[in-house]
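Work through the exercises below with the structure open. Each task is followed by a solution in steps.

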Amino acid sequence: MKSNRLDLFAVGLARTVIARRWWIILAAVLATLAVGSGARHLEFANNYRVFFSDDNPELVAFEELQSTYTKNDNFLFVLEPADGQVFSTDTLTAVEMLTEAAWKIPYAIRVDSLTNFQHTSGVDDDLVVEDLVRDAPTLSADQRQARRDIALAEPLLRNQLITDDGRVAGINVILQYPEKSLSEVPEAVSHARDLRDQLEQSFPGLRVSLTGVSMLNNAFAETGTADMGTLMPAMFGLIMLLTLLILRSASATAATLVVIMLSVTAGMGAAGLLGIKLTPISVAAPIVILTLAIADSIHILVSLRTAMREGHSKLDAIAESLRQNFLPVSVTSLTTIVGFLALNFSDAPPFWHLGNITAMGIAAAWLFSLTVLPALMSALPFKQQPSDSQALGERAMAWLADRVVARPRVILTVTGAAALGLVAFIPTLELNDQWTRYFDQRVEFRQDTDRSVNYFGIYPIEYSVPAQGQGGVSDPDYLAQLELFTEYLRERPEVTHVYSLTDIMKRLNMNLHGDDRQKYRIPDDRDLAAQYLLLYELSLPYGLDLNDRINIEKSASRVTATLSDVNSIQTKQFLNDTEAWMQRNLPDWMQSRPTSASVMFTYIAERNVADMVAGTAAAVGAIAVILMLALRSVGLGLLSLVPNGLPILATFGAWALLVGEVGFSVATVASISLGIIVDDTVHLLAKYVRARRERGGTAAEAVRYAFRSVGVAVMVNTIILAAGFAVLTASSFKVNADMGLLTSLAIVLALVLDFLLLPALLLLLDRSQGHTQPTGDTAMSSTIRRPATAAGVMLALGLSLSTLTMNVVDAADQPVVAGEVSEEASKGFQIAARSDRSDRGFQDSEVQLEMVLRNAAGRESRRSLQITTQEVPDESLGDRSLVVFESPRDIEGTALLSHAKILDPDDQWLFLPALKRVKRISSANKSGPFVGSEFAFEDFTALELNKYDYQWLREEQLDGVPTDVVERFPRYENSGYTRQVAWVDQQVFQIRRVDFYDRRGDLLKSLNLRDYRDYNGIWRAHRMEMVNHQTGKSTDLVYGEYRFGNGLNDNDFIKGRLSRLR
Amino acid sequence: MNMNAMHTAALALLMMAGSVHAGDWDFSGSVGLDTRGFLQEARFDQQDDGLHFSLALQPEWRWRSDDRRQRASIVGFVRADAKDPERSRFDLREAYWAAEGDDWDLTLGINKVFWGVTESRHLVDVINQTDLAEDIDQEEKLGQPMVNLNLQRDWGRVELYLLPHFRERTFPGRRGRLRPPLPVDGDNPVYRSSAARNHVDVAARYSHFLGDVDLGLYLFRGTSREPGFDMRSGGDSLTPVYEQMTQFGIDFQHTGEAWLWKFEGLVRSADSGSFAAMVGGFEYTFFGIRDSALDLGVLVEYLYDGRGDSAPPTPFDDDVFVGARVALNDASDSSLLVGAVVDRGSGEAFFNLEAERRLTDQLSAELRFRGFSNAGPGDALFPFQRDDYLQLNLSWYF
């Protein structure tokens, strides 16, 4: 039997470890130091962007906006004078001073305040542009009153840089970090704080709060560091104390300490070597490693003591302890690692880091607790104590076991009903995030932000609203629509301020009509409006230009709506309402998507929860599989789903009952607590199986044996781990605090369910009484007497998990637009984009096609196929397509399903009808021939706009048609081409010809596209002729009629679809 | 025979489906001439030496309704073997009616279902019985009567199967090669379940893909497709014994650029004991070697099977598979697959070569070589030790 082999191995391991103890300790320490030296590379990341993966669509859209306009990292200084008079000489002076001084903050590129606001007025036909307040100390009371009237009436200032009652002022500093060094943000923050302190000193009675995105970034790093400095030592101390109290042995405690230190050092060192950056979330990794290292050690130490009390010598007892614990400790470590690796399903990189660091640390803890720990215990003095608390614990366990064995039905009903009752509350959980609330009241950023939100909104939502063509922002029609949009936004109750181009245009129109109030409206004439803008821009000083409002080509302008103190549910409501409004009221060409840090955070919870539910479900399943293999029983593996999955679900149920809402932080609790929860289940089940198989006991006897042998250790672990995680609740960072509380809750619930529900289930399901052969498997196969029950429970679990996902709506994806480089590149991109987009909106298409392959001698062979395509509107993704072959007959029914990506390899599946086999295939063969033709795979799949960089070359006549000639360079990997030259006609924007150049840069192939037909605005070539100039072979594609809009959906383009093709 | 009743019922169902809705029946199929040449003299008396000729006919009728919501299929299979009467027979590979919606589909009748990802052994593929008389590579399957409901959800695909009738494995006859020392009396098996071949088997499978990973998990409960053997009828033949089992299976594939990492595993609890088995390995492809169209794939897999002596025997207890796949990617779809499975303990080995090429649009040729070596007495492959053969298939498609 395998378990016997394992036992022999474990005993052999123990003997080796004891014989070579000093070598092992030395080797472990040296190896750990070598890996641990990597820890010096660990640094704190201080940008909220680390919370988003590179391909997070909200982040991509946001960065795109920021590269078009200016960055949106900012400081917001909020000045509250004690007398409530911003327009007093003192306060105005303070505002002016700060406005000047703020320019000197490192990386500042723009400062906006009410003093440097570019006030315009009309004198005759001239436009006068000047600072609203200059030389504040010299202004008279009347002059100040005049400025006050202007400021409070100005829509660009009111409620943005000055409250509408004139009592509080704001100064906004925009920064652009080079993003080269991690010290940039702290450097700017330190300068800003100095400014604040100086100002408060010079102007007693003035209260200055400092907030903004840069302060948020900084707070993420600062609270993380604070947790490292305070929580870690506190937790360490608590755990060592508890260990000492429970084990009552200084040697055992010291040995445990060594295992912990080595494991944590190894985990963090490996993280450093891999270049992982620390964040306030991944900083929890050492705490998690430590708790698990303790769990492993305690199991071994408790068994060691029990064995000694039974009369074994210390060395024999060490061997016996390893024999008993090798399998459960290994399985626990493996399953816990799986649980933590499941964190990689999250969309937020800090959670990947937490998972990966912890997984490495747990692997180290597993190794060290099985080698260094026994080596140390054999070397250090360790005596068994007469009648210690452990004996008391064992009596308690025996008592508990009796109760469970006596009334399994009652216990199952009560605990099961209670747990399911809690689970029933899960659907009431609401996903909600509010990023300033990530920090508690002790954090300066939170205090300052709380004060600021009383006066000004803090959550900007950005819209880049496109106009028609270059200079289109001056179009009166565009401005009128934009004005409608602005008014709509201003009417929303949660919007405190709207910054829109229309206010500037209206003011300019008024100014240039001699400040006539009647003319405070959108100019009627496009040229006039353009002139006003030009005139205004010429008068603006450096740093205060319009580039943060209007893009360089003047083909789009930016509207910023600032929201008051709202949470993510309210934000989402606002975003949805606004999108609906836009679709109803604005023309197609003006549709725009919102971006900004708060939009990103609004969707992060949903993304994470959806990913994490999938990840956790996968982990629970994987753990069940590992247990099936380790315990050699399908039934017990299935059964493990209950005590492993239920505590997590019950914890969320309890949270729903107690708190009601979750942020993205707690989406990961399931994964974190899963590994620890599994520890309890594994140890109990392993002992149960040992009793059934080795000792041939009945289920009741086996349950008693399991309680007696591991009950105490499981209990001790729960106390230590729950206490350890409870320390995290003291963190001033909500993510860590919530995680600590939830995890403690989950661990305690797991203990309850493992002590009551699990044995009750075993007693009721594993009914074969009487003794069987001591080594037979038959005892175990009887545990699956009712696998249907277990499967039913599994299904219930799956359903509850899926209810979690059902609350999650997919966030809308954002389009990707290529960045700007040179004029030729930009023109090339425009032409390609126009060509590509002229095809958009077809939804789905179906076409029959014949492929004629011709070799150099002109010999033909034909194949016919059907191509179905589904358009994926998001330009950051490719379309999906299904190719089904009809002839030659021997490959009839063969099908190829592709999900095209932009730069990543496509996902492709092949369906082989003879075997009815669906095979996932690699798509790295992009340059390989498609079914023996002259078309490469990439010629079919690389039709997406963003797969290339472009360069416009020239205009040229091709077969009497005027065309633009555009060179394109593949951006994706594994292309067989260095470049392609495409002829795009200027009338209907379709590609007429493409030349392909191979990896050596020589002309390889030419493609001519002919017989274009117009399907209600969608153009399709019906004949494509590809000639290979190097081999003389050619391939023609002859298309039949296209059928569009066949009502196909995602499920028609999914792997499972392949098996129902025939 | 019961199977005939099933066939009739399935056909009747199809005719009904066909008459209710319009839509054309599409007819196609193939005729194949197989020539097998064994390289050594047969080990057992009564086995035939030399060239074995056989003919195969596979007619296929397929139908789909105009609204594409329903389809039906009948695929027959006839083999006529010149020497081994056990290989000469008729089977319905498919005879089903299916209806589908946007996110579900339901199949009633006889069909084939394949699960798995590895190449050397189709470990987790469990729904269909193997047509072992047809080929020893375990890729030829008998049609399985089923009620199959599939549900497609955002979080994956769920397949539910009700399998009301069990198909017995086919074996070469007394005169056939590639058989155990005693011929197998495949038509008179022993069942551990009192319901015998009418035991209703059930299976549920979940599968999904996430990024580069494709994953499938299933539970199967019912009659094991693999028989054990018993000497009953007077000691001159083996009687297959089919037991009841509960099996959990998993298949996993990670698709990297040129790397495919594959794993299949199962845990089976059967009357004769519990065990786990796995196949895992990789396929690495060199695409477009030296800028040509030629792809070369290298396959390495490790096979483990932990079954006890009382379970149905398998040669794959602790083996390594090494193979190569060459695809010319030409207009004739020429390809070559070579490989060997070697037992790590006994060293017994199984060699396989399959080369294919299309000759004309309707005619294809396939050449196979299968060889056995190093099998000592007591090894699983020992009976086949002298059954190395070369086979040429010519198939005409219509």
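**Exercise 1. Describe how strand 2 of chain A pairs with strand 5 of chain A, and place the pair in its sheet.**

Solution. The model is predicted.
- Step 1: strand 2 and strand 5 (residues 169-175) of chain A are joined by four bridges, in the antiparallel sense.
- Step 2: one residue pair fixes the register, since A:Val111 has A:Val173 in strand 5 of chain A as its bridge partner.
- Step 3: in chain A, an open sheet of four antiparallel strands runs in the order 2-5-1-6.
- Step 4: strand 2 (108-112) and strand 6 (206-211) of chain A are the edge strands, each pairing on one side only.
- Step 5: ignoring direction, neighbouring strands of this sheet are turned by 20° against each other on average.

**Exercise 2. Which strands of chain A does helix 4 lie across?**

Solution.
- Step 1: helix 4 (residues 89-102) of chain A lies across strand 1 (73-81), strand 2, strand 5 and strand 6 of chain A.
- Step 2: its direction is at about 0° to strand 5 of chain A.
- Step 3: helix 6 (residues 184-202) of chain A also packs on the sheet, touching strand 1, strand 5 and strand 6 of chain A.
- Step 4: the direction of helix 6 makes about 170° with that of strand 6 of chain A.

**Exercise 3. Give the strand order of the sheet in chain A that contains strand 8, and find a helix that lies across strand 8.**

Solution.
- Step 1: the order is 9-10-8-11 in an open, antiparallel sheet of four strands.
- Step 2: strand 9 (495-499) and strand 11 (594-595) of chain A form the edges.
- Step 3: strand 8 (residues 459-466) and strand 11 of chain A share two bridges, and A:Glu462 is partnered by A:Thr595 of strand 11.
- Step 4: helix 15 (residues 476-491) of chain A lies across strand 8, strand 9 and strand 10 (556-563), at about 160° to strand 9 of chain A.

**Exercise 4. Where does helix 10 of chain A bend, and why is it described as largely enclosed?**

Solution.
- Step 1: helix 10 (residues 314-341) of chain A has 28 residues and spans 37 Å between its first and last C-alpha, close to the 40 Å expected.
- Step 2: the bend, about 45°, is at A:Asn325, and A:Pro328 follows within four residues.
- Step 3: 24 of the 28 residues of helix 10 of chain A are buried, so the rest of the structure largely encloses it.

**Exercise 5. How many residues does each chain bring to the contact, and which strand of chain B supplies the largest share of its side?**

Solution.
- Step 1: chain B contributes 50 residues and chain A 43 residues.
- Step 2: strand 13 of chain B gives the largest share of that chain's side, five residues.
- Step 3: the chain B side divides into 19 nonpolar, 16 polar and 15 charged residues.

Definitions and conventions: Residues are numbered from 1 along each chain as its sequence is written. Chains are lettered from A and ligands numbered from 1 in the order in which they are written. This is a predicted model: local features need pLDDT of at least 70, side-chain atom pairs count only at pLDDT 80 or more; totals for chains, interfaces and linings use all residues. Two residues are in contact if their C-beta atoms, placed from the backbone, lie within 7 Å. Ala, Val, Leu, Ile, Met, Phe, Trp, Tyr, Cys and Pro count as nonpolar, Asp, Glu, Lys and Arg as charged, and the others, Gly among them, as polar. Two strands pair if DSSP finds at least two bridges between them. Axes are lines fitted to C-alpha atoms, for helices over the stretch in contact, and angles run from 0 to 180 degrees between N-to-C directions. The expected span of a helix is 1.5 Å times one less than its number of residues. The bend at a residue is the angle between axes fitted to the seven residues ending there and the seven starting there. A residue is buried if 20 or more other C-beta atoms lie within 10 Å of its own, exposed if 12 or fewer, and partly exposed in between; C-beta atoms are placed from the backbone.
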